[in-house]
Amino acid sequence: MSHQYTKDPAAVRELSPEQYHVTQENGTERPFTGEYCDNHEPGLYVDIVSGEPLFASVDKFDSGSGWPSFTQPLTADSVVEKRDRSHFMDRIEVRSAHADSHLGHVFPDGPAQAGGLRYCINSASLRFIHRDDLEAQGYGQYLGLFTEDVSQHRQTVGEQQS
C-alpha cells in the first residue's frame, strides 16, 4: 500500500524558526548543533514537513562534518538532487521529492565501500522515528530494514512505492 506524501501547510506553520529557515528558505543549521548529529539509535528519518521516509539509520555514518550523514537515501525516489551554485560554490542540493523541503547537500567524499557518497543533511529538516515506534506511527513496512537483508527489503519498499 503506497502513501501519498505532500507538503502539509499545517506542518509548515508548526515549524520552529530554524526548521522553517532550513526547509523553506534553503538554510543550513550550524555544524554540530543539530538534534540528530550524534543520534545512533535504529530508526527512520522522515521529512519534517510531509512525513515522507527519506533515510534509515542503517545508512548513517559519522563523517565528522557536523551534520547527520548518510551513504544513500531510503529509495532513489525519496529525494531530488539539484545543482546549487549559491555562496560561490558548485554543489548538489538534496530536496525531499514530494514536499520539496531543502534537506542539505550530497558530496562525493563518503565511504568508498558504500558507494562513495555523503548525504549531508540538516537535522532541522528531519523527524526521527525510532525502530520500536515505526509500527505505531504508520511506518511498519520499514521494520525489515532492521531485521532482514537490507538490500532485499529496499527492493520490496521501492516496488511498493512505484
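## Surface and burial

In this predicted model, the protein exposes about 8600 Å². Carbon and sulfur atoms supply 48% of that exposed area. The chain has 162 residues, and 49% of them count as buried.

## Helices, strands and contacts

The protein contains three helices and nine strands. Read from the N terminus, the order of elements is α-α-β-β-β-β-β-β-β-β-β-α. Two helices therefore come before the run of nine strands, and one helix follows that run.

Contacts can also be sorted by how far apart the two residues are in sequence. Taking the contacts between residues at least 6 apart in sequence, 55% join residues at least 24 apart.

## Cysteines

How many disulfides does the protein have? The count is zero. A disulfide requires two cysteine sulfur atoms within 2.5 Å. For Cys 37, the closest cysteine sulfur belongs to Cys 120 and is 8.9 Å away, which is too far for a bond. Seen from the other side, the closest cysteine sulfur to Cys 120 is that of Cys 37, again at 8.9 Å and too far for a bond.

Are these two cysteines buried or exposed? Cys 37 has a relative accessibility of 14% and so counts as buried. Cys 120 is buried as well, because its relative accessible area is 9%. The cut-off behind both statements is that a buried residue has under 20% relative accessible area.

## Arg 95

Arg 95 is part of strand β6, which covers residues 91-96. Is Arg 95 buried or exposed? With a relative accessible area of 8%, Arg 95 is buried, because the value is under 20%.

Several parts of the chain meet at this residue. Leaving aside residues up to four places away in sequence, Arg 95 touches Thr 23, Asn 26, Ser 78, Val 79, Val 80, Lys 82, Asp 100, Ser 101, His 102 and Leu 103. One of these residues, Val 80, is 15 residues from Arg 95 along the chain, and the C-alpha atoms of the two are separated by 5.2 Å.

## Polar contacts of Arg 95

Which side chain makes a polar contact with the side chain of Arg 95? That of Glu 93 does, at 2.4 Å. The side chain of Arg 95 also reaches a backbone atom, the oxygen of Asp 100, at 2.6 Å. Asp 100 is also among the residues that Arg 95 touches.

Note on methods:
Residues numbered from 1 in each chain as written. Predicted model: local features only at pLDDT ≥ 70, side-chain atom pairs only at ≥ 80, totals over all residues. Heavy atoms only, no water. Buried < 20%, exposed > 50% of the residue type's maximum accessible area, 1.4 Å probe, protein only. Helix = DSSP H or I, 4+ residues; strand = E, 2+ residues; numbered from the N terminus. Contact = heavy atoms within 4.5 Å. Areas by Shrake-Rupley, 256 points an atom, 1.4 Å probe, with all protein chains shown as cover. Polar contact = N/O pair within 3.5 Å; in protein donor to acceptor, adjacent residues only side chain to side chain.
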